[in-house]
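Please find below my notes on the model you passed on, arranged as numbered points. They are meant to be read with the coordinates open.

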Amino acid sequence: MFVGKISLVGVVVAVLLPVLARGQEADTALTRIRQNKAVTIGFRESAAPFAYLNESKQASGYSIDICNRIAEEIGRKLNIPHIETRYVPVTPQTRIPLIANGTVDIECGTTVNSLARQEQVDFSYAVALAGGRLLVKKTSGIQDLSDLNGKIVALAAGTTAERYVRTALDRSKINVRVLQVRDNAEGLLAVNSQRVDAFINDAVLLGGVLRTAQNKDDFAIVGHPLSFEQVAFMVGKNNSGLLTIINGTIARLLASGELHRLYDQWITPYGVPIEGEVDTLFKIEAIAE
Amino acid sequence: MPDYALIVRNASFLFDGLLLSLTLTLVGVIGGFAVGTALALVRLFTGIIGNYVVDAYVFVFRAIPLILVIFWFYFMVPLILGRPVGAWTSATVAFTLFEGAYYSEILRAGLKSVRAGQLNAALASGMSRAQALRYVILPQAFTAMIPIFLTQAIILFQDTSLVFVVSLHDFLTATTIIANRDGRLIEAYTFACLVYYLICLAATAGVEKLKRTFAR
Amino acid sequence: MNYQWNWGLLLKEPYAGWLLTGLGWTVALSITGWLIALPLGIAIGIARTSSSRWILRLSGFYVSMFRNIPLLLQMFVWFFVVPELLPARLGLWFKRDLPNPEFWTGVLVLAFYTSGRLAELFRAGLQAVPRGQRMAADATGMNRAQALRYIVMPQALRIILPPLTSEFLSIVKNSSLALTIGVLELTAQSRQIENFTFHGFEAFGAATAFYVLVALVLNLVMVRLQRTLALPVAV
């Protein structure tokens, strides 16, 4: 009886052990890309101008353009002519799990580098800087975070804004109620319907969601930047081969000025031109051959 | 001013969503039926342990919310397979296993509802147990169960709206996308209500009619 | 499978606190919703056995409406559409000045949805009471309301108490849908933990454990009830 139980446990452990102990294989992404002859790119569907679904339901945007160039470079490096690019939509909640479990090879959106995230994924060089600001109705008279005392604020689930805003509010002892919304569109809706007084997220994303608004003149983006965060692309852990190709592509795009051109095409119209910190960042990242 | 032209503008997008809802329902029904049958067979042909395991399976799946099941499989399926898997596959697995639990209970109740006398009579007339099952018990059980199966399918059709939480573009998610995009919430949501209401009403009426045809 | 286990995570702050808060919201949603749904359900259930065709049709429409529209869609309608249809001041109050507007919206949705199901349950229960009971009550001089209150309803309750516990389990499960309108109940918190730590097994496992516990408790209650309510047999 006892022997039977022990052997049962032994069998169970023997079956589970290989599953649990499968080592950290290196460069699984490149292997996958070689097998599929395709790069799977995770993109945001409503995070203009970085990544969004345009009129013809195609993935487009600043991050998408850069990632397309990265995919070409991967095709060159792996000797796969006409490498295919597959696009998988992601949301702030799903982007990291999908990278971590291998569903997507590269996440091309507006994801911001953070130490907590680095425990599960690796980040490329930054392609933009994110600064948190407030989206408010002009009539509300709110100018900055300090004006939010006793008010209601919307934060998108799973974004870094959700974290640093809560910390900032706790630190400054401002009494604010927080409503969690799913994405930028819902955040705009919450401000528009007066359910909240402000929606806080990265300035470029706010500019993006505002452009498609019916009544954009009713809104204003206010406040000094609440953060200086690096917008970068995510890859799974242990994919240094892929990461090298990505960073190399970004550095070369910067050196040739191509990235600046893309940035001016997509981002500058949203009120964040290449100057100050962004300019310095681009200069530093243009690493020589 | 209500702007119902919104619906017309986005008709194909909404239709694709509806198609996905219906497809997911179909997959859930067929898959769920397969899983349910497998569970029922396990119950019939294994001893106490088999029954205990199936009981536990059914109990857990009926105790937890479907949203949690969807989250679980969305997280777990790619991890177990060790390879990329999309929202569609995870949702399909989630719904199949979830419905399987419910279907196995319907099967169990259906098989029980056939009177013992039927089995005895079949055995007495010389059939083997398997033959009795196949020619006498199961047909009767199925006629009893089909209306309940179909009702469960209608419930599943409504439950497919929950794939909203993993951004799969079913009919409801498609509705929310166009509602937010064009800022026309009232029109979009009332339209969605109408569509679901009419479909479910018609389907339920159909099942009622079926029940009446079956009634002896 | 590249997974690092860390069950101790659940006992660490802030995650333990999140789970407890989520639990609190789930319990609050379920109980408050139930307290509203029950009287509403009984009323509509009685209406469903009415002799007036008008009342029958109206209550039938009530039930059919809440039964044929997915609960999630009902959640969105109450959250996004209803406040816009109310007069401006009331709508604004409903959206922001009411403390915890998302919670109360969730409660209303759950209450109305469950009341539809309870109505059908009560109708079935009332109709299951043998007609002879009502006739006997009539013969002793009771009017319809008295018959309902003293004779029919108690017997009906006896019949439907077991399915009633399963309906309560349903409302506990359905409370999870409130996460879509911003109520950070148990399932939402477990997902939040998974978001922040990527330890999905632990996070979702905790939520699963709670729901299973509730189901077990309700199961025990139901078995107890069935035993207490069983009518003594003659033999």
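The points that follow take up a contact between two chains and then a sheet with its packed helix.

1. The coordinates come from a predicted model, and every remark below should be read with that in mind.

2. On the contact between chains B and C, 29 residues of chain B are in contact with 27 residues of chain C. On the chain B side, at least two residues each are supplied by α3 (48-63), α4 (66-81), α8 (171-182) and α9 (185-214) of chain B, and the largest share, nine residues, is that of α9(B).

3. As to the character of that side of chain B, the residues that touch chain C comprise 25 nonpolar and four polar ones, with no charged residue among them.

4. Chain A holds an open sheet of five strands with mixed pairing, in the order β10-β9-β11-β8-β12. Its edges are formed by β10 (176-181) and β12 (219-222) of chain A, each of which pairs on one side only, and neighbouring strands are turned by 30° against each other on average, if direction is ignored.

5. Within this sheet, strand β9 (residues 151-156) of chain A runs parallel to β10(A) and is joined to it by six bridges; as a point of register, A:Lys151 stands opposite A:Val176 in β10(A).

6. Helix α7 (residues 184-192) of chain A packs on the sheet, where it touches β8 (132-137), β9, β10 and β11 (198-202) of chain A. The direction of α7 makes about 155° with that of β11(A).

Key: Residues numbered from 1 in each chain as written. Chains lettered and ligands numbered in written order. Predicted model: local features only at pLDDT ≥ 70, side-chain atom pairs only at ≥ 80, totals over all residues. Contact = placed C-beta atoms within 7 Å. Helix = DSSP H or I, 4+ residues; strand = E, 2+ residues; numbered from the N terminus. Nonpolar A, V, L, I, M, F, W, Y, C, P; charged D, E, K, R; others polar. Pairing = 2+ DSSP bridges. Axes fitted to C-alpha atoms, helices over the stretch in contact; angles between N-to-C directions.
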